[in-house]
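Here is a short briefing to read alongside the structure. Have the model open and follow the topics in turn.

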Amino acid sequence: MNTQAAASVAVSKNSYDINRIREDFPILSKKVHGKNLVYLDNAATAQKPTYVIDKVNRYYTSMNANIHRGVHALSQEATEGFESARIQIKQFINALGKNQIIFTRGTTEAINLVASSYGRWKIIEGDEIIISHMEHHSNIVPWQLLCKEKNAKLKIIPINDKGEIIYEEFERLVNERTKFISVVYVSNSLGTINPVKKIINYAHQFNIPVMIDAAQAVNHIRVDVQDLDCDFLAFSGHKIYGPTGIGALYGKVELLDAMPPYQGGGDMISKVTFEETTYNELPHKFEAGTPDIAGAIGLGAAIEYVNKIGIENIKEHEKSLLEYATKKIEEVPGLRIIGNAKDKTSVLSFVLENIHPHDIGTFLDFEGVAIRTGHHCTQPVMQRFNIPATSRASFALYNTKEEVDVLVTGLKKIIEVFG
Amino acid sequence: MNSELKELYQQVILDHNKSPRNFRLMENATQHAEGYNPLCGDHIDVYLLIEDGIIKDVSFKGEGCAISKASASLMTSILKGKSKEEAEKLFEKFHDLVTGKLGDSPSIEDLGKLAVFAGVQEFPVRVKCASLAWHTMINAIKGEQEKVTTE
């Protein structure tokens with residue numbers, strides 16, 4: 001395997017060579033409205049390193065074939081690429097077996113898979129499902145749909161003014177009717193890192209399975225499914241420098257084995273007659289149809305890239321960026337940070353007095369700065385803080401303090417115009 | 001400021017954003033509608049007092065970006081005294097302006113002060129901001145009480 005292109009010299013002897021890392025991402029040299037691109041919308045999607053782009057390209061130029069059933073050389077090569085990406089993921093989140101890794105279109109599909117398969121199978125009238133107030137819509141709506149269908153209840157763990165889960169309230173919500181818990185590891189709109197291990201521990205005392213939405217976690221902190229002891233965990237490729245349209249679901253074998261299939265089709269069966277069908281073994285049981293092979297290979301490459309730099313190094317770098325940005329942004333008059341949790345990833349959500357986030361977004365765009373404005377698919381969070389929207393700058397492994405300065409200067413200019 | 005940006009955020013728009021006209025509830029309104037833009041969470045209430053088919057008074061309340069607030073403010077200033085039909089025609093023209101269908105055609109002059117929104121056509125994602133108040137006003141006239149969304 002050709003890995004020498006992956007950040008070979010980016011991290012050496014405790015030094016984080018940011019310039020070298022930035023060179024790995026071709027899009028970062030782009031100009032926007034004549035200015036250098038300052039990409040701070042990483043919580044929406046991260047940019048892709050050449051290493052990933054090349055792997056996807058190489059798949060289409062020299063390996064493209066359908067997987068698993070072909071006997072010809074190309075099909076075997078494609079199958080090998082696809083399956084080694086599964087192994088990359090397994091190792092990355094420290095799963096026991098590669099059959100516990102199911103490829104999905106992303107976190108959303110993974111959650112829908114569990115809600116549909118496990119949920120429809122297990123949840124009955126009067127049952128309760130617990131989520132938190134800071135969930136992304138993708139970890140609200142699938143459970144809402146399930147509750148509606150089964151006449152079950154959705155219970156919400158409240159959050160405090162800092163944007164942290166009120167843990168005691170969680171324990172209070174758990175009772176004999178609680179049949180499932182699904183919580184976000186890291187909030188996309190607040191950056192809060194939730195005490196998911198504690199939640200899982202408590203839930204397991206009552207044999208309640210827990211699903212973790214790790215979409216905003218895997219790219220920032222080490223995620224270890226065995227250490228967490230979570231029952232399900234989901235993440236998306238595109239937030240961790242991989243392609244869009246691919247992600248993964250991790251599940252415990254005994255649960256995945258017992259669950260009914262999510263979608264029917266090719267690849268998920270072992271024998272089909274018109275009378276009866278027997279299903280394929282894990283993970284294929286949950287992978288009906290031709291998957292995004294190039295996407296999976298790209299995701300495997302993205303994980304290789306992240307491993308080369310080191311998730312701990314990334315965490316350190318982003319931590320110092322967040323500290324710098326949090327301090328620096330306070331220079332902007334009338335600015336209020338939304339989300340001040342003690343444990344945070346590099347997400348900075350804020351509101352400016354009397355200036356709407358949409359105007360901020362448009363204005364900053366002309367400074368070359370890409371941020372997110374709106375409700376970030378977390379409308380209940382906006383309702384909690386009684387605001388219609390926020391502006392959100394989110395930092396990745398390639399961002400710099402100079403870019404934070406461009407953001408802050410831009411914000412000061414906006415105040416001059418609108419103030 | 002960049003020229004395109006200057007075109008969008010003209011002084012008139014910034015001024016109406018800062019001190020919106022007719023920004024109030026209307027107790028004696030004959031018509032009212034609520035508008036919502038799910039993209040940005042903007043929310044607006046438009047009130048109309050219509051007598052004999054003529055708009056005697058118009059006001060609005062709500063939250064929004066500079067474009068949507070200024071658009072609502074200018075709309076209320078321009079609609080007073082107009083007939084329902086005139087209001088509908090004006091909306092069509094305004095919509096053509098912000099979506100770039102009007103170009104340099106002479107009818108831009110009929111829009112009066114509303115011409116300051118010409119810059120919006122360069123920002124397709126902001127068309128909804130500029131037209132939210134107008135959509136809501138039309139629904140109020142038609143007496144459709146259901147919440148309008150721009151989606």
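Let's begin inside chain A, in what is a predicted model. The buried residues of H3(A) pack against four elements of chain A: helix H2 (50-63), strand E6 (101-104), strand E12 (247-251) and helix H10 (293-309). From there, the points below move to the domains, the cores and the contact with chain B.

**Helices H3 and H4 of chain A**

- Helix H3 of chain A covers residues 73-92, and its 20 residues should span 28 Å at 1.5 Å a residue; the end C-alpha atoms are indeed 28 Å apart, so expectation and model agree.
- Which residues of H3(A) are buried? They are A:Ala78, A:Gly81, A:Phe82, A:Ala85, A:Arg86, A:Gln88, A:Ile89 and A:Phe92.
- Looking down the axis of H3(A), you will find these buried residues within an arc of 155°, and they therefore line one face of the helix.
- Just after H3(A) comes A:Asn94, which has a positive phi, near 55°.
- Helix H4 of chain A (residues 107-122) has 16 residues and should span 22 Å at 1.5 Å a residue; with its end C-alpha atoms 21 Å apart, the model agrees.
- H4(A) is mostly covered, with 13 of its 16 residues buried.

**The two domains of chain A**

- Chain A divides into domain 1 (11-48 + 311-418) and domain 2 (55-307).
- Taken over C-alpha atoms, the centres of domain 1 and domain 2 of chain A are separated by 28 Å.
- Each side brings residues to the contact: 26 from domain 1 of chain A and 26 from domain 2 of chain A.
- On the domain 1 side, at least two residues each are supplied by helix H11 (311-329), strand E16 (347-352), helix H13 (379-384) and strand E19 (390-394) of chain A.
- H11(A) provides the largest share of that side, 4 residues.
- The side of domain 1 of chain A that touches domain 2 of chain A is made up of 10 nonpolar, 9 polar and 7 charged residues.

**Nonpolar cores**

- The largest nonpolar core has 119 residues, and A:Ile212 and A:Ala214 touch the most other members.
- Which helix gives the most to this core? H10(A) does, with 11 residues.
- This core lies between domain 1 (11-48 + 311-418) and domain 2 (55-307) of chain A, because both give residues to it.
- Beyond its neighbours within four places in sequence, A:Ala214 is in contact with A:Tyr185, A:Val223, A:Leu233, A:Ala234 and A:Phe235.
- Another core, of 39 residues, lies apart from the largest one; among its members are B:Leu8, B:Tyr9, B:Ile55 and B:Phe117.

**Where chain A meets chain B**

- The contact between the chains joins 14 residues of chain A to 17 residues of chain B.
- On the chain A side, helix H12 (357-365) and helix H14 (401-418) are the elements that give two or more residues.
- H12(A) makes the largest contribution to that side, with 4 residues.
- By class, the side of chain A that touches chain B holds 7 nonpolar, 6 polar and 1 charged.

**A closer look at B:Glu51**

- B:Glu51 belongs to strand E2 (residues 42-51) of chain B.
- Is B:Glu51 buried or exposed? B:Glu51 counts as exposed, because it has 9 C-beta neighbours inside 10 Å.
- Although B:Glu51 and B:Ser83 are 32 residues apart along the chain, 9.4 Å separates their C-alpha atoms.

Terms used:
Residues are numbered from 1 along each chain as its sequence is written. Chains are lettered from A and ligands numbered from 1 in the order in which they are written. This is a predicted model: local features need pLDDT of at least 70, side-chain atom pairs count only at pLDDT 80 or more; totals for chains, interfaces and linings use all residues. Two residues are in contact if their C-beta atoms, placed from the backbone, lie within 7 Å. Ala, Val, Leu, Ile, Met, Phe, Trp, Tyr, Cys and Pro count as nonpolar, Asp, Glu, Lys and Arg as charged, and the others, Gly among them, as polar. Domain bounds come from an automatic or database domain assignment. The expected span of a helix is 1.5 Å times one less than its number of residues. A residue is buried if 20 or more other C-beta atoms lie within 10 Å of its own, exposed if 12 or fewer, and partly exposed in between; C-beta atoms are placed from the backbone. The arc is that of the directions from the helix axis to the C-beta atoms. A nonpolar core is a set of buried Ala, Val, Leu, Ile, Met, Phe, Trp, Tyr and Cys residues joined through C-beta atoms within 7 Å.
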